[in-house]
Amino acid sequence: MRLGYMASRRQFLAGSLGAFYSSKVLKKDFTTNARSTLSPVRFRDIAQSAGLKFILENNPTPQKHLIESMAGGVAAFDYNGDGLTDIFFTNGASLPSLEKDCPKFFNRMFRNEGGMRFTDVTEEAGVAGLGYSMGAAAGDYDNDGCVDLFVVGVYRNILYHNLGNGRFEDVTEKAGIKSDKWSVAAGWFDFNNDGLLDLFVVNYASWSPTNNRYCGDKSRNLRTYCHPMYFEGLTNTLYRNRGDGTFEDVSERAGISQHHGRGMSVAFADYDHDGFMDVFVTNDNQENFLFHNRGNGTFEEVGVMAGVALLNSGQPVSSMGTDFRDYDNDGRPDISVVGLANETFPLFHNLGKGQFEDATYPSRLSDITKGRSGWSTGFFDLNNDGWKDLFTTCSHVDPNVEMFQATTYKQPNGIFANLGEGTFRDVSGQAGEDFQMPRAHRGCAFADFNNDGKIDMVVTSLQDQTELWENVSPDPNNWIIIKFIGTKSNRDGIGARVRIGNQVNHMTSACGYASSSHFGVHFGLRKLEKIPFIEIKWPSGIVQVLEDVKANQILQVRESGK
């Protein structure tokens with residue numbers, strides 16, 4: 001691994017982008033030519049040897065509190081700036097008190113020591129937390145060069161300011177962050193392009209320990225988790241970063257609070273290339289939301305019109321985790337969603353001009369996912385062949401599901417290899433012997449934890465050991481990871497869009513279910529040893545071009561003119 005820095009050799013303003021993108025040189029496909037064979041994808045679980053000993057304590061009770069089934073968010077980010085990606089786990093609490101009254105319920109931070117070894121530093125970092133936690137989001141909201149952390153939960157959200165000395169400070173109250181709803185997920189993005197990361201919080205439903213109805217068959221003494229239709233959905237929350245360490249709730253003014261749903265996850269991308277980040281929110285058994293950013297501080301919900309609210313059948317699914325990236329290398333970000341068994345894992349292909357098509361069936365995901373139940377998901381090139389593959393964590397919601405449905409509760413995770421022609425193949429069975437272990441999987445975060453250029457995953461499971469999947473795919477394909485550093489605004493580059501040949505990706509930490517992956521932007525390069533051009537479009541509108549970049553390095557990039 002080589003750690004490098006390269007200044008841009010060319011800089012373009014946003015006004016010249018039309019001519020810039022028409023360049024035949026920059027649009028040439030350097031990395032994704034047709035191939036006759038699929039590079040294998042292999043993983044091994046090294047959590048125990050790595051010292052990553054964490055069990056997700058969702059605290060299941062006979063009362064079947066709905067929150068018990070939905071815990072498990074995890075965040076991967078470099079909290080101490082040593083170049084190694086660390087791991088933060090959310091955790092449950094006692095019920096019905098919703099208090100972390102013993103250490104087994106603490107949220108946990110593990111510091112990456114290198115060589116795939118981790119150390120529990122929860123106490124010294126000060127992040128054990130409060131309440132029944134659900135999800136996490138990593139991002140440098142105050143542009144001090146240290147990645148901060150936001151933790152969401154059941155009527156208890158926490159904003160941790162990274163002090164830069166290995167410790168975090170709880171600044172929730174003075175920052176103006178509320179804890180008045182059951183929040184499941186959150187994400188950082190700069191919705192107004194002012195160089196400050198704003199915060200989007202995803203809220204689920206009106207539930208409390210005293211509002212926990214009985215569902216199941218009393219004659220058989222069989223109690224189950226209630227269907228979400230019995231709980232009224234909530235509005236989501238958008239906080240604008242004022243730049244002074246405080247946030248303003250602009251949900252109503254921005255057009256977010258007019259829409260009720262049972263929100264599960266959030267992902268961001270500029271799907272129509274107008275220079276402003278848009279927001280996709282999954283809703284449980286309701287229409288998904290796509291909030292189109294008008295660029296004036298307001299959003300328009302266009303999910304139905306854009307074709308991403310429902311499947312072609314017109315029915316909603318149990319939409320949970322999501323990712324918002326370009327899977328077919330046409331330059332437009334697409335949307336992946338996971339659902340329960342017999343619902344398939346929806347895939348919405350971006351057609352351009354603000355429209356998507358339901359590509360679940362033509363992509364073959366309909367057939368290869370219909371027997372699975374998914375929670376978290378992510379588009380990442382797992383074999384560095386130039387095409388983003390799809391990874392999903394799998395398990396049903398209800399541990400009693402086998403008594404009344406032809407499916408299983410605990411399931412192995414899924415890997416669906418991108419064949420490069422708009423289709424996917426299920427390669428889960430070839431990913432490794434231990435990869436077939438069924439568990440009640442939930443959240444997942446992605447990163448290159450050992451800096452070898454291959455994407456690894458960390459996965460949580462209810463009442464079970466955490467999995468750390470080291471990528472040991474055998475083909476020596478090349479790669480590059482781009483990290484953004486050092487500007488006075490938008491220090492971690494969230495929202496920056498990167499193109500290499502026909503591949504396009506963007507810097508985001510919002511991915512999966514209630515989870516966060518903050519490590520840079522990864523590209524697989526196949527056998528390409530030198531990259532002719534890397535094009536970076538910053539949220540400011542500045543476009544940089546880096547020329548003749550060597551493969552197989554972590555490249556640190558500073559925005560030109562900053």
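**Exercise 1. Pairing at one end of a sheet**

Which residue in strand 21 is the bridge partner of A269? Place this bridge in its sheet.

*Solution.* This is a predicted model.
- Step 1. Find the partner. A269 bridges to D278 in strand 21.
- Step 2. Widen the view to the two strands. Strand 21 covers residues 278-283, and strand 20 pairs with strand 21 over six bridges. The sense of this pairing is antiparallel.
- Step 3. Add the rest of the sheet. Four strands make up an open sheet, in the order 20-21-22-23, with antiparallel pairing.
- Step 4. Locate the edges. Strand 20 (263-269) and strand 23 (299-301) are the edge strands, and each pairs on one side only.
- Step 5. Check the turn. On average, neighbouring strands in this sheet are turned by 20° against each other, direction ignored.

**Exercise 2. A strand with two neighbours**

Trace the pairing of strand 5 through F89, then decide how its faces are covered.

*Solution.*
- Step 1. Start with strand 4, residues 74-77. Strand 4 and strand 5 are antiparallel and share four bridges. Here V74 has F89 as its bridge partner.
- Step 2. Go to strand 6, residues 108-112. Strand 5 and strand 6 are joined by three bridges, again in the antiparallel sense. In strand 6, F89 finds its partner in R108.
- Step 3. Recall the strand rule. Side chains in a regular strand alternate between the two faces of the sheet.
- Step 4. Sort the residues of strand 5 (86-89). D86 and F88 lie on one side, I87 and F89 on the other.
- Step 5. Apply the cut-off. Buried means under 20% relative accessible area. D86, F88, I87 and F89 are all buried, and both faces of strand 5 are covered.

**Exercise 3. The whole chain**

How many helices and strands does the chain have? Judge its overall packing.

*Solution.*
- Step 1. Count the elements. There are seven helices and 42 strands.
- Step 2. Compare the radius of gyration with the globule rule. The chain has 22 Å, close to the 24 Å the rule gives for 562 residues, so the chain is as compact as a globular protein of that length.
- Step 3. Take the outer dimensions. Along the principal axes, the C-alpha atoms fill a box of roughly 70 × 55 × 50 Å.
- Step 4. Look inside. Of the 562 residues, 64% are buried.
- Step 5. Look at the contacts. Among those with a separation of 6 or more, 62% join residues 24 or more positions apart.
- Step 6. Finish with the surface. About 19,300 Å² is exposed, and carbon and sulfur atoms supply 47% of that area.

Terms used
Residues numbered from 1 in each chain as written. Predicted model: local features only at pLDDT ≥ 70, side-chain atom pairs only at ≥ 80, totals over all residues. Heavy atoms only, no water. Pairing = 2+ DSSP bridges. Axes fitted to C-alpha atoms, helices over the stretch in contact; angles between N-to-C directions. Rg over C-alpha atoms; globule rule 2.2 N^0.38 Å. Buried < 20%, exposed > 50% of the residue type's maximum accessible area, 1.4 Å probe, protein only. Contact = heavy atoms within 4.5 Å. Areas by Shrake-Rupley, 256 points an atom, 1.4 Å probe, with all protein chains shown as cover.
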